[in-house]
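Me: I am new to this structure and would like a close look at a single part of it. Please take me through that part slowly, and explain the terms as they come up.

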Amino acid sequence: MTAGERDPGLQPERTRLAWRRTTLSCTVVAVLAVKQTLHGGATGAGVVALSLSALAWLGFLLVANRRVQSMGGARPQPMEAAGAITAAACTVALAVFAAAMLF
């Protein structure tokens with residue numbers, strides 16, 4: 001191997017698995033939000049918070065899917081700033097909407 005070649009090892013696979021775990025965690029949060037809304041009685045605010053949570057969840061799924069699909073090569077491209085900001089915003093939004101559903 002020459003100095004210009006790169007051996008990524010298992011790093012791309014670990015990154016893909018991390019995105020999958022995070023997506024699974026967001027899915028669990030979304031399912032629990034549905035359960036909380038239905039169990040506590042569907043109020044107008046609860047339905048709005050649930051709808052916004054579903055929107056944030058779908059946004060995160062989109063970002064995660066794009067990132068995992070772009071990691072097909074041995075040297076994946078760095079994540080774009082817009083994707084990172086969107087993923088962080090969706091995560092924060094899920095937490096805020098979950099808190100709103102509780103109160």
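Reply: A residue is called buried when its relative accessible area is under 20%, exposed when that area is over 50%, and partly exposed in between, using a 1.4 Å probe and protein chains only. Ser53, at 2% relative accessibility, therefore counts as buried. The model is predicted, so local features need pLDDT of at least 70 and side-chain atom pairs count only at pLDDT 80 or more, while totals for chains, interfaces and linings use all residues. Residues are numbered from 1 along each chain as its sequence is written, and side-chain values use heavy atoms, leaving out hydrogens and water.

Ser53 sits in helix 2, residues 44-69, where helices are DSSP runs of H or I with at least four residues, numbered from the N terminus. Leaving aside residues up to four places away in sequence, Ser53 touches Leu94, Phe97 and Met101, contact meaning heavy atoms within 4.5 Å.

Two of these partners, Leu94 and Met101, also appear in helix 3 where it meets helix 1, whose residues there include Cys26 and Val29. The residues of this contact divide into eight nonpolar, two polar and no charged; Ala, Val, Leu, Ile, Met, Phe, Trp, Tyr, Cys and Pro count as nonpolar, Asp, Glu, Lys and Arg as charged, and the others, Gly among them, as polar.

Cys26 is itself buried, with a relative accessible area of 7%, and Cys90 is buried too, at 10%. The sulfur of Cys90 is 8.1 Å from that of Cys26, the closest cysteine sulfur, which is too far for a bond, as a disulfide needs a pair of cysteine sulfur atoms within 2.5 Å.

Technical notes. Helices (H or I, at least four residues) and strands (E, at least two) are DSSP runs, numbered from the N terminus.
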